[in-house]
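Here is a short briefing on one structure. It begins with charged side chains and then turns to the sheet.

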Amino acid sequence: MSPANGALPAPEFSRIVPADAVRRADMTETIEATEAERKALAERLELEAIGSLTATVKLRAVRGGQMIRVSGQLEADVVQTCVVTLEPVPAHVSESFDALFAPPSMIEDQGLEIDFDPSLSDEDIPEPMENNRIDIGELTAQHLSLGLDPYPHAEGVEFEGYDEEPAEEEVAQEPEKPNPFAVLQQLKSRN
């Protein structure tokens, strides 16, 4: 069933912080995902399980109080699937993250061509606040996703990847192709 009016479904791990509260005073929030949130998030991230997910998130107003700088540290115990054997692979994820949030009116229209400034890091490009609120739970979930091993493998298992170079014996077995000009050379040498 699709969401009404094109709205996105609610995030599995949501912790809303009103930007006005941050503008009054810097905040530090420690958040922890419930069992139901961890189960739903594991499904979204295609994990076998998330045993724990916590984050300490600091929020402060910057640029005259117009934008909010968010920095955090997440810790998670997850179970991924081995890409070789499909066995469960437990892992601990520890990830730091930073983000900048601004009211949508301050962010350039994504449909417009944007001049790329190589001096800006990802943390300096603001994300839009929705209704003057920041979802630090969803931000944590996104950074958990980025911190996962893209190719998890069970201990002692090595991935035998595709080798583009043919083995030497394969090269030796290939018949030598005749030179298309050899026949002309023979005819020429007869004359």
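Searching the whole structure turns up four salt bridges. The model is a predicted one. Helix H2 (residues 35-44) packs on a five-stranded open sheet, and H2 also holds Arg 44, a partner of Glu 12.

**Salt bridges**
- Arg 44 and Glu 12 meet through their side chains at 2.6 Å, N to O. Arg 44 sits in helix H2 and Glu 12 in the segment before strand E1 (16-18), so this pair ties together parts 32 residues apart in sequence.
- Arg 44 is partly exposed, at 34% relative accessibility. Glu 12 is partly exposed too, at 23%.
- Glu 138 also forms a salt bridge with Arg 44, at 2.9 Å, N to O. Glu 138 lies in helix H3 and Arg 44 in helix H2, so the pair links parts that are 94 residues apart in sequence.
- Glu 138 counts as buried, with 15% relative accessibility. Shared partners join Glu 12, Arg 44 and Glu 138 into one network of salt bridges.
- Glu 37 and Arg 15 make a salt bridge at 2.7 Å, N to O. Glu 37 is in helix H2 and Arg 15 in the segment before E1, so parts 22 residues apart in sequence are tied together.
- Glu 37 is buried, at 14% relative accessibility. Arg 15 is partly exposed, at 22%.

**A buried arginine without a salt bridge**
- Arg 38 belongs to helix H2. Arg 38 is buried but has no salt bridge.
- The nearest side chain of opposite charge is Glu 35, 5.0 Å away; a salt bridge needs nitrogen and oxygen within 4 Å.
- Leaving aside neighbours within four places in sequence, Arg 38 contacts Ala 33, Ile 50, Gly 51, Ser 52 and Leu 53.

**Sheet and helices**
- The open sheet has five strands in the order E2-E3-E4-E5-E6, with mixed pairing. Strands E2 (27-32) and E6 (127-128) are at the edges with a single partner strand each, so one side of each lacks a neighbour in the sheet.
- E2 and strand E3 (residues 49-62) run antiparallel and are joined by six bridges. Met 27 has Leu 59 as its bridge partner in E3.
- Helix H2 touches E2 and E3, and its direction makes about 95° with that of E3.
- Helix H3 (residues 136-147) lies across E2, E3, strand E4 (67-81), strand E5 (88-102) and E6. H3 runs at about 130° to E5.

**A loop residue**
- Glu 158 is in the loop between H3 and helix H4 (168-173). Glu 158 is exposed, with a relative accessible area of 57%.
- Glu 158 and Val 83 are 75 residues apart in sequence and 9.9 Å apart in space, C-alpha to C-alpha.

Technical notes. Residues numbered from 1 in each chain as written. Predicted model: local features only at pLDDT ≥ 70, side-chain atom pairs only at ≥ 80, totals over all residues. Heavy atoms only, no water. Pairing = 2+ DSSP bridges. Helix = DSSP H or I, 4+ residues; strand = E, 2+ residues; numbered from the N terminus. Contact = heavy atoms within 4.5 Å. Axes fitted to C-alpha atoms, helices over the stretch in contact; angles between N-to-C directions. Buried < 20%, exposed > 50% of the residue type's maximum accessible area, 1.4 Å probe, protein only. Lys, Arg positive; Asp, Glu negative; His and termini not counted.
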